[in-house]
Amino acid sequence: MEEATYIWMNGALVPWGEARVHVLSHALHYGTAVLEGTRAFGTPEGPAVFRLDDHLERLVRSARMIGLALPYTLDELRTATLRTVAANGHPACYIRHLVSRGYGEMGIAARGCPTDVSIASWSWGALLGAGVRLMTSSWRRNDHMVVPTAAKATGPYLNSVLAKDEALRAGYDEAVLLNAAGHVSECTGANLFVVRDGLLATPPSSAGALEGITQDTVERLAADLGLRAVRQELMRSDLYAADEIFVCGTGAGIAHVASIDGRELGGGPGPVTAKLTDAYDDAVHGRDERYRHWLTPVAA
Ligand code: PMP
C-alpha cells in the first residue's frame, strides 16, 4: 500500500509506522471492531470528503450495534478526520476509520478492554476496474439472525474475504453473494444494482447487504435523472436476465459488470450505468451544485 505520513490514533496524530495495537487486543482475536471506508476527492476548492457525516453516523451506529463504546463524539471524529487528511497533504485519498476493542483483559466477555480508535488516509485507486467479471459465490451471505449485517463490523468480513478469494482463484474479479434464502445480497465490498427495462433494482438491507452510502447516492442521482430505483428481493436469475448490472461502493465507485457467471452483458457500460457514473463523478468532484452539501472541504 502507499504509505502516508500520519495516522490519527486515540486522540493524536502519530507517525504512520507507530500506529500500533497490542497483539492481545480483543478485536484481533474475536473480530470486535467496526470500520468505515470514506473518500476525499479533488474539487475546484481543493480536497473534500464525500458524505463524511453519513459515514461517521454509520460508524456510530455500527459500534452501537455490536455493543462497542465509542469514546469520541461525531464532532470530534469529523475534526480528527479532516486533520488527518490535511496533515497527510493528499489531493485525494481513501480514509479508513477503525474502532476496535483493545488490550486489557482476555476472553470473549472482556468488558474491561479500552476502545482503540484510529483514522488513516492514503492514496488508493478504484478497487475494481470497469468491466467486472462477476461470479455467484458458493458462500452464502452472513445472515441477519446470526450477526447484525447492517453493522460494518470486522468479524463478519471473513464472509467477504472467503467469497473474494474464491472468485479470484476461479479467475473472476468479484463475487456476488446470495443469502440463506437464495436471494441476491451484495458483493464482497460493494452493493449491486440491476437494470432491466430502464428500472433500477437493488437488494434491501434485510437481504444481508450493508446500507451502502454509494447505494443511497445512486438512488438519489437516479431520482434526479428521472430514473426509477427500487429496493427489492432479487433472484439469481434476475442477474442473468438483466440489461445492465453495476456494483457500487466507496472503494469501487460505480463499476459496470461485464459478465455474470460467464454470461456476457455486452461490451461497455450500458446507457443507465453510464449516465449514473457521469452524475456520480460530477457529484464527488464538486462539479454539480445540487450535491455540494455532500462535500466537506478538508481545508475549512
Ligand atoms: N457492502 C460491503 C460489504 C462493503 O464493504 C461496502 C463498502 N463499504 C459496501 C457494500 C458499499 O458501501 P459504501 O457505499 O457505503 O462504501
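Trainee: Where is the place of T188?

Mentor: This is a predicted model, and in it T188 sits in the loop between β9 (184-187) and β10 (191-196).

Trainee: Is T188 buried or exposed?

Mentor: T188 counts as buried, because its relative accessibility is 10% and the cut-off for buried is under 20%.

Trainee: Which side chain does the T188 side chain join in a polar contact?

Mentor: That of E174, with a polar contact of 2.9 Å.

Trainee: And which residues is T188 in contact with, leaving aside its neighbours within four places in sequence?

Mentor: R141, Y157, S160, A163, K164, E174, A175 and L177. So E174 appears both in that contact list and as the polar partner of T188.

Trainee: Changing topic. How many salt bridges does the structure hold?

Mentor: The count is 17 salt bridges. One of them pairs R133 with D173, with the closest N and O atoms 2.8 Å apart.

Trainee: Where do R133 and D173 lie?

Mentor: R133 is in strand β7 (residues 132-140), and D173 is in the loop between α4 (157-169) and β8 (174-178). The two are 40 residues apart, and the pair links distant parts of the chain. R133 counts as partly exposed, at 38% relative accessibility.

Trainee: What about D165, which residue does it form a salt bridge with?

Mentor: With R169, where the closest N and O atoms are 2.7 Å apart.

Trainee: How are D165 and R169 separated in helix α4?

Mentor: By about one helical turn, because they are 4 residues apart in that helix. D165 is partly exposed at 36% relative accessibility, whereas R169 is exposed at 69%.

Trainee: Which residue does R231 form a salt bridge with?

Mentor: R231 pairs with E219, and their closest N and O atoms are 2.8 Å apart. R231 lies in strand β12 (residues 229-231) and E219 in helix α5 (residues 213-224), so the salt bridge ties together parts that are 12 residues apart in sequence.

Trainee: Is E219 buried or exposed?

Mentor: E219 counts as buried, at 17% relative accessibility. R231 is partly exposed, at 37%.

Trainee: Which residues are linked in a network of salt bridges?

Mentor: R51, D54, D216 and R220.

Trainee: On to cysteines. How many disulfides does the count come to?

Mentor: The count comes to 0 disulfides. C248 is in none, and the nearest cysteine sulfur, that of C187, is 9.0 Å away. A disulfide would need the two sulfur atoms within 2.5 Å.

Trainee: Is C248 buried or exposed?

Mentor: C248 is buried, with a relative accessible area of 1%. C113 also counts as buried, at 11% relative accessibility.

Trainee: Now the helices. How far apart are the end C-alpha atoms of α7?

Mentor: They are 20 Å apart. That agrees with the span expected at 1.5 Å a residue for the 14 residues of α7 (residues 271-284), which should also be 20 Å.

Trainee: Which residues of α7 are buried?

Mentor: V272, T273, L276, A279, Y280, A283 and V284. They cover an arc of only 130 degrees around the axis, so they lie on the same side of α7.

Trainee: What follows α7?

Mentor: G286, with a positive phi near 70 degrees.

Trainee: And α3, what should its residues span?

Mentor: At 1.5 Å a residue, the 15 residues of α3 (residues 74-88) should span 21 Å, and the end C-alpha atoms are 21 Å apart, which agrees. Its buried residues include L77, A80, T81, L82, T84, V85 and N88. G89 follows α3, and its phi is positive, near 65 degrees.

Trainee: Last one. Where is the place of A48?

Mentor: A48 is in strand β4 (residues 46-50). It counts as buried, with 2% relative accessibility.

Trainee: What separates the C-alpha atoms of A48 and R292?

Mentor: A distance of 9.9 Å, although the two residues are 244 residues apart along the chain.

Trainee: Which residues is A48 in contact with, neighbours within four places in sequence aside?

Mentor: R39, A40, F41, T43, L295, T296, P297 and V298.

Note on methods: Residues numbered from 1 in each chain as written. Predicted model: local features only at pLDDT ≥ 70, side-chain atom pairs only at ≥ 80, totals over all residues. Heavy atoms only, no water. Buried < 20%, exposed > 50% of the residue type's maximum accessible area, 1.4 Å probe, protein only. Salt bridge = Lys/Arg side-chain N within 4 Å of Asp/Glu carboxyl O. Polar contact = N/O pair within 3.5 Å; in protein donor to acceptor, adjacent residues only side chain to side chain. Contact = heavy atoms within 4.5 Å. Expected span 1.5 Å × (residues − 1). Arc of directions from axis to C-beta.
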